[in-house]
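Trainee: I would like to learn how to read a model like this one, step by step. Where should we begin?

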Amino acid sequence: MKHHPHGPSALGNPCQGAYHMARLAPPQPASDAADEGTLLHAAVACLDTTGMDEEQHRAVEACWHEVAALVALAPAGANYYEETLSLCYETSLILFGTVDYYRIDGRIAWLRDWKFGRNAAPLADVQIAAYSALVMANHPQVQEVHAATFQPRARHHEVSATYTRAELPRLIDAIRERIAWREAWRLGDALTTGDHCAYCPAAL
């Protein structure tokens, strides 16, 4: 799963140096955690858990049940899985990323960001705000996004929020500020360690 250097997942990284450190690090194979995440995300979208162990199957199945609940909530809507969307500010592309799942029914969208870790995802609220901005930017009819993380291995760590189209300019400003913060880091500045290091090329 390829990620934009300033995609929603990256914006949620609490380490200011992650952007530059990843650029400076030599090419590395993905970590085991990243490989499993890619596998599980694909299984949710493809409705196929072939080759997975029972625990992985249960995690994917929980996501399927969450999708079924949203379909029941908005039966006239349409599902979108693993959609890669972009966001521009004036004439510049500032963000693109792959939204795990969202469903649109008229003016309303429901968005889920699958999380398969066992610990709290850092700054998950920043991530779902960015994903919500992407959905609104690419679907002009959507006036409201009900966004949440869904973490089958640690449901108590989930976060949720609702964003309206009136808030989109504020969300875009927050994205631009977050990108500027990441790009301002210089060698010798402090790094923030934590669970997110498992996905960082500079730490592998």
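Mentor: Let us begin with burial, for which we need a cut-off: a residue is called buried when its relative accessible area is under 20%, and exposed when that area is over 50%. Please keep in mind throughout that this is a predicted model.

Trainee: With that cut-off in hand, is Cys 15 buried or exposed?

Mentor: Cys 15 has a relative accessibility of 6%, and therefore it counts as buried. Cys 63 is buried as well, because its relative accessible area is 0%.

Trainee: How many disulfides does the structure hold?

Mentor: A disulfide requires two cysteine sulfur atoms within 2.5 Å, and the structure holds 0 of them. Cys 63, for instance, takes part in no disulfide, since the nearest cysteine sulfur belongs to Cys 46 and is 13 Å away.

Trainee: Which helices and strands should I look for, and how many are there?

Mentor: You will find 6 helices and 5 strands in the chain, and if you follow the sequence they come in the pattern α-α-α-α-β-β-β-α-β-β-α.

Trainee: Let us take a single residue, then. Where is Leu 111 placed, and is Leu 111 buried or exposed?

Mentor: Leu 111 sits in strand S3, which covers residues 108-114, and Leu 111 counts as buried because its relative accessibility is 1%. When neighbours within four places in sequence are set aside, the contacts of Leu 111 include Val 99, Tyr 101, Tyr 131, Val 135, Val 145 and Ala 148. By comparison of positions, Gln 56 is 55 residues from Leu 111 in sequence, and their C-alpha atoms are 22 Å apart in space.

Trainee: What can be said about the chain as a whole, beginning with its radius of gyration?

Mentor: A compact globule of 204 residues would have a radius of gyration near 17 Å, and the chain has 17 Å, so the two agree. Along the principal axes, the C-alpha atoms fill a box of roughly 55 × 45 × 25 Å. Of the 204 residues, 41% count as buried, and among contacts with a separation of 6 or more, 67% are accounted for by residues 24 or more positions apart.

Trainee: And what does the chain expose?

Mentor: The chain exposes about 10300 Å², of which carbon and sulfur atoms supply 54%. As for charge, the chain has 16 positive and 24 negative side chains, and the centres of these two sets lie 5 Å apart.

How values were computed: Residues numbered from 1 in each chain as written. Predicted model: local features only at pLDDT ≥ 70, side-chain atom pairs only at ≥ 80, totals over all residues. Heavy atoms only, no water. Buried < 20%, exposed > 50% of the residue type's maximum accessible area, 1.4 Å probe, protein only. Helix = DSSP H or I, 4+ residues; strand = E, 2+ residues; numbered from the N terminus. Rg over C-alpha atoms; globule rule 2.2 N^0.38 Å. Contact = heavy atoms within 4.5 Å. Areas by Shrake-Rupley, 256 points an atom, 1.4 Å probe, with all protein chains shown as cover. Lys, Arg positive; Asp, Glu negative; His and termini not counted. Charge placed at Lys NZ, Arg CZ, Asp CG, Glu CD.
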